[in-house]
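These are my notebook entries from one pass through the structure. I wanted to look up how its parts meet and which residues sit inside.

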Amino acid sequence: MDDALVAILRSGTPLVYVTLAGVLAQRAGIWHLGLEGLMIIGACSAVVGTVQTGSLAVGLLIGIVLCVLASALLWFVIEILRANPIIAGLGLTGLGLGGTDLAVQAIYGSQASVTAPFGLPRLGPEFGAFGVLSVLVVLMPFVVFGVWVLVRRTRWGLQLTACGEHPFAARSVGVSPSRMRLYALCLGGVLCALGGAELSMGSLQIFAYGMTAGRGFMAFAAVIFGAANPLGATAAAFFFAIVQALGIRAQLLFGDKVPHDLLLALPYIATVIGIWISGRLRGGARAATAFGELRDY
Amino acid sequence: MNGPLGQVFRALVYVLIGLALCGIIFELAGYSAPLMFQSIAEGAFLSVRAWQNSLRWGLPLFLTALGVVISFRCGFFNIGAQGQFYMGAIAATFVVDGLSGAPAFVVIPLTFLAGLAGGGLWALWPGLLRVKSGTDEVITTLMGNFIATLFLVYVTSGPLKDPSGTGQAASSRPVAEMYRIGAANAVSPAIIAICVLVGIGAWVLVNRTAFGVLSSLAGRNPIMVVWQGAKLSRLGLAGFVLGGALAGLAGTIEVLGPIGRLSSGMLPTHGFTAILIALVANLSVLATAFVAIFFGGLAAAGLYLPVLAGLPAAAIDIINAAIALFITARAWPKRLAGFFGQRRSAP
């Protein structure tokens, strides 16, 4: 039981951090499909920064700075150049995947993965089975609570939500939606860097090309699933982590009877069903008009 | 800046920005940017062999991009081209593998039908969810990509596995010589003919039929179309299925032609590049043809870079991503707008 809980916390924590970043962006009115790219930038710079400087703190800091810069670039493209957020986000994801690949090749030659000498600090053996968990796992509930307070219990959070739901209303009381989106995206960049660092340094201490493997998109799905509520989205992220853990468990139990690759598809299928149900409960999603705008230059 | 020429100009500028950004990243990473651009040009367009390669990569991309054009024109954000491409290829491989031994004139048409149906059906369920219950198609088609990718891994290591495979990347048995429509890694007259026919068909459909006009209106102003009495859901579904079927057709061609078999993880960026092509072409069928050849050239150069110039193939991914980042931009920054003497559109 403890082992299962540890497995879920380990696979769920990176997802939760990135999901919270998505929640902030979603609240500000941006569909954030660049989460995958930010996450892999965070994962890569945590490992590469630690290897190059020998200091974990510097590695983390580099990751945070790069993710915030990338988020600011996304904001510039979306808000100032008025690009379509979905395509621009996918572009940022591609830039993250390609850029980290290039960075690793430029520094280490044609090497498939980079191993860090040490990972994030762990809880230690006195915690039994939970001793392998990193500090970011311990920090996670507080971050979730913090984001919840920020979004639901502060003036800033209310203004942020207004910017997403009714930018005109926000502007009419003197809140600049554009600036709020910049804040939300940059704060999300910090969270993505932490999520990526937990992914690469939390248990494996390794960075490999494309190691996020769609987790950023899964986090985005969790945001939608959880209706952009920090607590709901966190629950959705853990739901995906549990489904994934169940898939691995089912494979151990049933062996060859159930194909492994189809079990890996369970979280994605669960996402589709979840979005479908939540859409039915809350009424339709985005109106079909959203894309038409793109073509009327 | 609002005429067709202005749009072409704008697209070109953003493509150039993408190239420049990639060049800067390359210089920062310690590689030579001029060498990279020179190698890309050599690998894509500067010899007959390079042109053949560009066509080999560009033509399947053209078909998938046409599918994206059709569904985007309807106003639906079908970003599942990758999954539909895979599902078409998988369905085609099942048919060509299962009917091996039958005469080619029976098998090849059936394979194409299966590929079209595979891609079309994989686009049908997100379409149905969208028009019946308003489930957002961005997420469903995105998830569909992951599911299809895993399904491809499953069939190539399960039901369709080549027993003599070396175990590197799982793949199906090679398609028998009699069913091939082109040599390995090359274009063939058959593939060019299919692309020209489909291209003409798509142009007529988009520009000269009621469906094309209505779907284009639906993409711009769905409410007006509903008031005029057209069935928005039926238009949208048709767009989804047609788009998926074209992606499936591209998958079929890859299986019967250049690749010659189904392998797990094949062409992982095909769908993303196709979306990019459709957007750079500003959703015009004619422009899609040219843009597809350009991106086909980039794809061909991506294989050439590491082998002959010793540069990482990630360059092409970065160029594509940088173009994607900027291509949908609708406004110049204020200063630039002043510089070009253009008024900024409403905030």
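Entry one, domains of chain B. I took the centres of domain 1 of chain B and domain 2 of chain B over their C-alpha atoms and found them separated by 27 Å. I note here that I am working on a predicted model. The assignment I used gives domain 1 as 1-31 + 312-347 and domain 2 as 49-308.

I then looked up where the two domains touch, and found 14 residues of domain 1 of chain B in contact with 12 residues of domain 2 of chain B. On the domain 1 side, α1 (4-28) and α13 (314-327) of chain B each supply at least two residues, and α13(B) gives the most, with 8 residues. Sorted by class, this side of domain 1 of chain B has 10 nonpolar residues, 3 polar and 1 charged.

Entry two, the contact between the chains. I counted 51 residues from chain A and 48 residues from chain B in this contact. On the side of chain A that touches chain B, the elements giving two or more residues are α3 (56-80), α4 (85-108), α9 (215-225), α11 (260-264), α12 (266-282) and α13 (289-295) of chain A. Of these, α4(A) gives the most, with 16 residues. I also looked up the classes on that side of chain A, which come to 31 nonpolar, 13 polar and 7 charged residues.

Entry three, the core. The largest nonpolar core has 213 residues, and I recorded A:Ala222, B:Ile277 and B:Ala278 as those with the most contacts inside it. Within chain B, this core draws at least three residues from domain 1 (1-31 + 312-347) and at least three from domain 2 (49-308). I followed up B:Ala278, and, not counting residues up to four places away in sequence, it touches B:Ala65, B:Val68, B:Val69, B:Phe72, B:Leu283 and B:Thr288.

Entry four, a single glycine. I found A:Gly195 in helix α8 (residues 177-201) of chain A. Is A:Gly195 buried or exposed? I entered A:Gly195 as buried because it has 32 C-beta neighbours inside 10 Å, where the cut-off is 20 or more. Leaving aside neighbours within four places in sequence, A:Gly195 is in contact with A:Pro14, A:Tyr17, A:Val18, A:Met39 and A:Gly42. I also checked A:Gly195 against A:Thr19, and the two are 176 residues apart in sequence but 9.0 Å apart in space, C-alpha to C-alpha.

How values were computed. Residues numbered from 1 in each chain as written. Chains lettered and ligands numbered in written order. Predicted model: local features only at pLDDT ≥ 70, side-chain atom pairs only at ≥ 80, totals over all residues. Core = buried A, V, L, I, M, F, W, Y, C linked by C-beta atoms within 7 Å. Buried ≥ 20, exposed ≤ 12 C-beta atoms within 10 Å, placed from the backbone. Domains from an automatic or database assignment. Contact = placed C-beta atoms within 7 Å. Helix = DSSP H or I, 4+ residues; strand = E, 2+ residues; numbered from the N terminus. Nonpolar A, V, L, I, M, F, W, Y, C, P; charged D, E, K, R; others polar.
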